[in-house]
Amino acid sequence: MVITAHPDDAEFTVAGTVARWAQEGNAVIYVICTDGSRGSNDPKVRPEQLVTIRRAEQEAAARILGVEEIVYLGYEDGTLQPTLALRRDLTRVIRRYRPDIVVCPDPTVRYYGDGYLNHPDHRAAGDAALDAVFPSARTRYIFPELLAEGLEPHTVREVYIRGALSPNLWVDISDTIELKITALKQHESQVSRSQGWEERVRDRARGEATGQGVAYAESFKRIILG
Ligand SMILES: [Zn+2]
């Protein structure tokens, strides 16, 4: 289960891993917290149009990667907070789909290097996701209203935190980097105004592979839960 803030986050960050897992026969579920409605500064595009456009883009990208299902939580883009309501919604999907692995953004990172501020929605999604994994999803009487919906506790085995400054796991995406690029191309409303993004995506995956003996990688902080 890949939990993200925005449509396109999964493609930019973990699509190579997702494609690999799908090819290996695993069911991959996306959970997208926001509606993507603020993802354009074009005054001719209205937020509600953007919701529809970005859903279609997300679905096209997911098809290419072999994602089985997408859950949209529909929170407003740009102002996501790690509220109890978001934590409950994520707990609900974890208990419903019962994933072995949850992938989410690193909620602790405010900025990368000297040229990139992390989006607050990414931090909020990561924060609520980790709290949903532990303790909410596995603890019977947290959110007892979920029991009333027939959702029993579920223990997630592993968490893969994306964007961590100190990764401990590198996934070889050499065979799936092209699928990642093709999936990203489906997010036309996002990538069409960005020059050279393909090369930046390749450069980043090459950089992450440094010292790993592979051509391209995506790195994670993996936490194995008892
Ligand atoms: Zn994002």
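Author: A residue counts as buried here when its relative accessible area is under 20%, as exposed when that area is over 50%, and as partly exposed in between. The model discussed below is a predicted one.

Reader: With that cut-off in hand, how many of the 15 residues of α1 are buried?

Author: The buried residues of α1 include Asp 9, Ala 10 and Glu 11 at its start, and Trp 21 and Ala 22 further along. Val 14, Ala 15, Gly 16, Thr 17, Val 18 and Ala 19 are buried as well. The helix is therefore mostly covered, and the number of its 15 residues that are buried is eleven.

Reader: How far apart are the end C-alpha atoms of helix α1, and what span should its 15 residues have?

Author: Helix α1 covers residues 9–23, and at 1.5 Å a residue its 15 residues should span 21 Å. The helix also has a kink, centred on Ala 15, of about 75°. The distance between the end C-alpha atoms nevertheless agrees with the expected 21 Å, being 20 Å.

Reader: Which residues coordinate the zinc ion?

Author: The donor residues follow the spacing H-x2-D-x112-H in sequence. Two of the residues in question, His 6 and Asp 9, are buried, and Asp 9 is also among the buried residues of α1. The coordination distances are 2.0 to 2.1 Å, and the donors are the ND1 atom of His 6, an OD atom of Asp 9 and the NE2 atom of His 122.

Reader: Which element gives the most residues to the largest nonpolar core?

Author: In soluble globular proteins, nonpolar side chains tend to be buried together. The largest nonpolar core in this model has 28 residues, and those with the most contacts inside it are Val 2, Val 18, Val 28, Tyr 30, Leu 65, Val 67 and Val 103. At least two residues of this core come from each of α1, β2, α2, β3, β4, β8 and α6. The element that gives the most, with seven residues, is α1.

Reader: Leaving aside neighbours within four places in sequence, which residues is Val 2 in contact with?

Author: Val 2 is one of the residues with the most contacts inside the largest core. Among its partners are Ala 10, Val 14 and Val 18, which are buried residues of α1. Beyond these three, Val 2 is in contact with Val 28, Ile 29, Tyr 30, Val 31 and Val 103.

Reader: How far apart in sequence are the parts that Glu 152 and Arg 140 tie together?

Author: Glu 152 and Arg 140 form a salt bridge whose closest N and O atoms are 2.5 Å apart. Glu 152 lies in the loop between α5 and β7, whereas Arg 140 lies in the loop between α4 and α5, so the parts tied together by the pair are separated in sequence by twelve residues.

Reader: Is Lys 44 buried or exposed?

Author: Lys 44 forms a salt bridge with Asp 42, the closest N and O atoms lying 3.8 Å apart. Asp 42, at 29% relative accessibility, counts as partly exposed. Lys 44 has a relative accessible area of 69%, and because the cut-off for this class is over 50%, Lys 44 is exposed.

Reader: Which residues do salt bridges that share partners join into one network?

Author: Arg 206 forms a salt bridge with Glu 199, with 3.7 Å between the closest N and O atoms. Both residues are partly exposed, Arg 206 with a relative accessible area of 37% and Glu 199 with 40%. The network that includes this pair consists of Glu 178, Lys 185, Glu 198, Glu 199, Arg 202, Asp 203 and Arg 206.

Technical notes: Residues numbered from 1 in each chain as written. Predicted model: local features only at pLDDT ≥ 70, side-chain atom pairs only at ≥ 80, totals over all residues. Heavy atoms only, no water. Helix = DSSP H or I, 4+ residues; strand = E, 2+ residues; numbered from the N terminus. Expected span 1.5 Å × (residues − 1). Bend = angle between axes of the 7 residues up to and from the residue. Buried < 20%, exposed > 50% of the residue type's maximum accessible area, 1.4 Å probe, protein only. Salt bridge = Lys/Arg side-chain N within 4 Å of Asp/Glu carboxyl O. Donors = N, O, S within 2.8 Å, 3.2 Å for Na, K, Ca; no water. Core = buried A, V, L, I, M, F, W, Y, C linked by side-chain atoms within 4.5 Å. Contact = heavy atoms within 4.5 Å.
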